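Colleague: Please take one part of this model and go through it closely. I would like a single connected account, starting with the helix and moving out to whatever covers it.

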Amino acid sequence: MYAQMVKSEGSSGEQTPEEKGFQARIDAGDKIEPKEWMPEGYRKTLIRQISQHAHSEIVGQLPEGNWITRAPTLERKQILLAKVQDEAGHGLYLYSAAETLGISRDEMLEQLHSGKAKYSSIFNYPTLTWADMGAIGWLVDGAAIMNQVPLQRTSYGPYSRAMIRICKEESFHQRQGYHIMMKMARGTDAQREMAQDALNRFWYPALMMFGPSDANSVHSEQSMAWKIKINTNDELRQRFVNETVPQAEFLGLEVPDPDLAWNEEKGGYDFTQPDWDEFFEVLKGNGPCNKERLGTRVQAWEEGAWFRDGLTAYADKAAKRREAAATAAE
Amino acid sequence: MSREWPLWEIFIRSQNGLNHRHVGSLHAPDAETAINNARDVYTRRKEGVSIWVVPSKEITASAPSEKGPLFDPAEDKVYRHPTFYDIPDDVGHM
């Protein structure tokens, strides 16, 4: 999940008639559109969730950008470039969706750069070998899809439309990753080892993407009532494991979990939970790459300032010229 | 802090013969850059053959509160639809 641990802001106590009417619309499957009345908590929670998701797409470009210049073939390089460009696009769709709720783009970027806003913990792990590009596409994009497909039905119109657009493009990401894994798993011994090593390092961080168990979370309940969260974190995690284990078997790779076992009764795998202490540390900013990722992002933003300002100055000048020409023609 | 680029609404014609359709929005300093950015953001997979960009601030929208007065009057005018009229089968296709 790209938006982990989004604090939901439900109202406490009795629902007002307006809130009741709003909830009835959502229960009836109605979509909420910008400028319509909505509870302040709904608006705030959505801004938090959508912007967190957008930040994840933007920061998510960095671990892969690391390998663009070192892709093993020209074709792989083109594919990786296209994928990273998609992530940028996904970030932009989501920022636009969040802006319809009354927050500005600059405000969101400021929250990201100051460390106030979070992004997915997964992007704070390093990408050490080419096989990591395979593991990220297969596992990380796979986990993202698991979360995003149900969100296409979310109650907020602009968010739902962004998710639909993103899901259409995301399948390519997962398949290209799995394709890399297949190539390596069937390559030389050294390549197979790299693939296994990438799976070992990314398995648990991928499971963390869905966020901690929310079985007892009040926030989660409110978000689900508002249909801005469709499934619980545990449901999605279980679904992900069930789908991914056979894919690992097909590759001839081993999921790094000695307790992984098919449970006939529940029709799913029993598996080991990730280390949640590690998760909270990474979220707090103490993961292996937090500083590097945010540093790179801030540096890119600051060093691009002259260019953004230049384009603004040019646009201003051109507008003035047009205005002067129009006055002269009168 | 520098000034934020203005917001543009993007409309794409997916193929000739169809209307331009609203697909989303983006920030750009001017119209020309908005078109270039729209190409990268909204047509990476051949989704369009033509792009319109409109400054978001130039769009006037009906208010959600006007929904009733604006659209309810159409509700009780079933006679605007062809199925309102019973025409005997003997007349043939009409």
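Modeller: A residue counts as buried when its relative accessible area is under 20%. Keep that cut-off in mind for helix α5 of chain A, residues 105-113. The model is predicted. By that cut-off the helix is mostly covered, with seven of its nine residues buried. The buried residues of α5(A) are Arg105(A), Asp106(A), Met108(A), Leu109(A), Gln111(A), Leu112(A) and His113(A).

What lies over them? The cover for the buried residues of α5(A) includes α2 (40-59), α4 (74-99) and α12 (290-303) of chain A. It also includes β2 of chain B. After the helix comes Gly115(A), with a positive phi near 85 degrees.

The chain B strand leads to the interface. Here 24 residues of chain A are in contact with 18 residues of chain B. The two chains bury about 1900 Å² between them. Carbon and sulfur atoms carry 48% of that area.

Now the polar side of the interface. Five salt bridges are found across the interface of chain B and chain A. Arg45(B) forms a salt bridge with Asp86(A), and their closest N and O atoms are 2.5 Å apart. Between the two chains, 13 residue pairs are in polar contact, counting pairs with both residues at pLDDT 80 or more. On the side of chain B that touches chain A, the elements giving two or more residues are β2 (20-27) and α1 (31-42) of chain B. The residues of that side divide into eight nonpolar, three polar and seven charged.

Next, the aromatic residues. Over all chains, the structure holds 16 aromatic pairs. Phe279(A) and Phe280(A) form an edge-to-face pair, 5.2 Å centre to centre, with 70 degrees between the planes. Their exposure can be given for each ring's residue. Phe279(A) is buried, because its relative accessible area is 0%. Phe280(A) is at 36%, so this residue is partly exposed. One aromatic cluster is formed by Phe22(A), Trp37(A), Tyr42(A), Tyr156(A) and Trp226(A).

Last, a residue in another helix. Ser160(A) sits in helix α7 of chain A, residues 157-185. Its relative accessibility is 5%, so Ser160(A) counts as buried. Leaving out residues up to four places away in sequence, Ser160(A) touches Lys31(A), Leu151(A), Gln152(A) and Thr154(A).

Technical notes:
Residues numbered from 1 in each chain as written. Chains lettered and ligands numbered in written order. Predicted model: local features only at pLDDT ≥ 70, side-chain atom pairs only at ≥ 80, totals over all residues. Heavy atoms only, no water. Helix = DSSP H or I, 4+ residues; strand = E, 2+ residues; numbered from the N terminus. Buried < 20%, exposed > 50% of the residue type's maximum accessible area, 1.4 Å probe, protein only. Contact = heavy atoms within 4.5 Å. Buried area = accessible area lost by both parts, 1.4 Å probe. Salt bridge = Lys/Arg side-chain N within 4 Å of Asp/Glu carboxyl O. Polar contact = N/O pair within 3.5 Å; in protein donor to acceptor, adjacent residues only side chain to side chain. Nonpolar A, V, L, I, M, F, W, Y, C, P; charged D, E, K, R; others polar. Phe/Tyr/Trp six-rings, centres within 6.5 Å; stacked < 30°, edge-to-face > 60°.
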